[in-house]
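Me: Please take a close look at a single part of the structure below, and work outwards from that part to what surrounds it. A connected account would suit me better than a list.

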Amino acid sequence: RTPKYNGGMGRDHWPYGSVFVAGSGVRGNQRLGGTDDDLLATSIDFTTGAPSSTGDIVACENVGAALLKLGGVDPAEHLPGVQVLDALLR
């Protein structure tokens, strides 16, 4: 839901969320992605996880592609054209 109330004192749908990933093969102790002062997603470098004006915004399919790769499955077979969030993996 949106971080701020709308005119009817309700909250609308929001295109951003969060996910917690832990386990073997996952690079721990990090936060990937972020928001600006208007609470809009900011871009990161998918290899390093560092903020980058030339990077991309993390989406759920990028996390899914990383989890497929972690499981030894080629993400391109199931998510063609989706960039793998390699910064999530060791």
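Reply: Helices here are DSSP runs of type H or I with at least four residues, numbered from the N terminus. The model is predicted. The part I take is helix H1, which spans residues 60–70.

Just after H1, Gly-72 has a positive phi of about 80°. Within H1, the buried residues are Asn-62, Val-63, Ala-65 and Ala-66. Viewed down the axis of H1, the buried residues fall within an arc of 160°, so they line one face of the helix. Helix H2, residues 75–78, is included in what covers those buried residues.

Asn-62 can be followed further. Asn-62 sits in helix H1 and has a relative accessible area of 7%; the cut-off for buried is under 20%, so Asn-62 counts as buried. Apart from neighbours within four places in sequence, the contacts of Asn-62 are Phe-46, Ile-57, Val-82, Gln-83, Val-84 and Leu-85.

Two of these contacts, Phe-46 and Gln-83, return in the list for Asp-56. Asp-56 belongs to the segment before H1 and is partly exposed, at a relative accessible area of 37%. Not counting residues up to four places away in sequence, Asp-56 touches Thr-42, Ser-43, Ile-44, Phe-46 and Gln-83. As for Asp-56 and Lys-69, their C-alpha atoms are separated by 19 Å, with their positions 13 residues apart along the chain.

Lys-69 leads to the salt bridge. Side chains of opposite charge can pair when their charged atoms come close. The structure holds one salt bridge. Lys-69 forms a salt bridge with Asp-86, and the closest N and O atoms are 2.7 Å apart. Lys-69 lies in helix H1 and Asp-86 in the segment after H2, so the pair ties together parts that are 17 residues apart in sequence. Lys-69 is partly exposed, with a relative accessible area of 42%, and Asp-86 is partly exposed as well, at 27%.

Asp-86 also links to the segment before H1, where Thr-47 lies. The C-alpha atoms of Thr-47 and Asp-86 are separated by 5.1 Å, although the residues are 39 apart along the chain. Leaving aside neighbours within four places in sequence, Thr-47 is in contact with Arg-27, Asp-86 and Ala-87. Thr-47 has a relative accessible area of 55%; the cut-off for exposed is over 50%, so Thr-47 counts as exposed.

The contact of Asn-62 with Ile-57 leads to a surface feature. Ile-57 belongs to a nonpolar patch on the surface together with Tyr-16 and Leu-40, and the accessible area of the patch is about 230 Å². Leu-40 is placed in the segment before H1 and is partly exposed, at a relative accessible area of 36%. Tyr-16 is partly exposed too, with a relative accessible area of 32%.

Tyr-16 takes part in an aromatic pair as well. A pair of aromatic rings is described by the distance of the centres and the angle of the planes. The structure holds one aromatic pair. The rings of Trp-14 and Tyr-16 have centres 5.4 Å apart and planes at 75°; over 60 degrees counts as edge-to-face, so this pair is edge-to-face. Trp-14 counts as partly exposed, at 29% relative accessibility.

Note on methods:
Residues are numbered from 1 along each chain as its sequence is written. This is a predicted model: local features need pLDDT of at least 70, side-chain atom pairs count only at pLDDT 80 or more; totals for chains, interfaces and linings use all residues. Side-chain values use heavy atoms; hydrogens and water are left out. Buried means under 20% relative accessible area, exposed over 50%, partly exposed in between (1.4 Å probe, protein chains only). Helices (H or I, at least four residues) and strands (E, at least two) are DSSP runs, numbered from the N terminus. The arc is that of the directions from the helix axis to the C-beta atoms. Contact means heavy atoms within 4.5 Å. Patches are made of residues with over 30% relative accessible area and no salt bridge: like charges are joined within 9 Å, nonpolar side chains (Val, Leu, Ile, Met, Phe, Trp, Tyr) within 5 Å. Accessible areas come from the Shrake-Rupley method with a 1.4 Å probe; for residues, only the protein chains shown count as cover. A salt bridge is a side-chain nitrogen of Lys or Arg within 4 Å of a carboxyl oxygen of Asp or Glu. Rings of Phe, Tyr and Trp (its six-membered ring) pair if their centres lie within 6.5 Å; planes under 30 degrees apart count as stacked, over 60 as edge-to-face and the rest as tilted.
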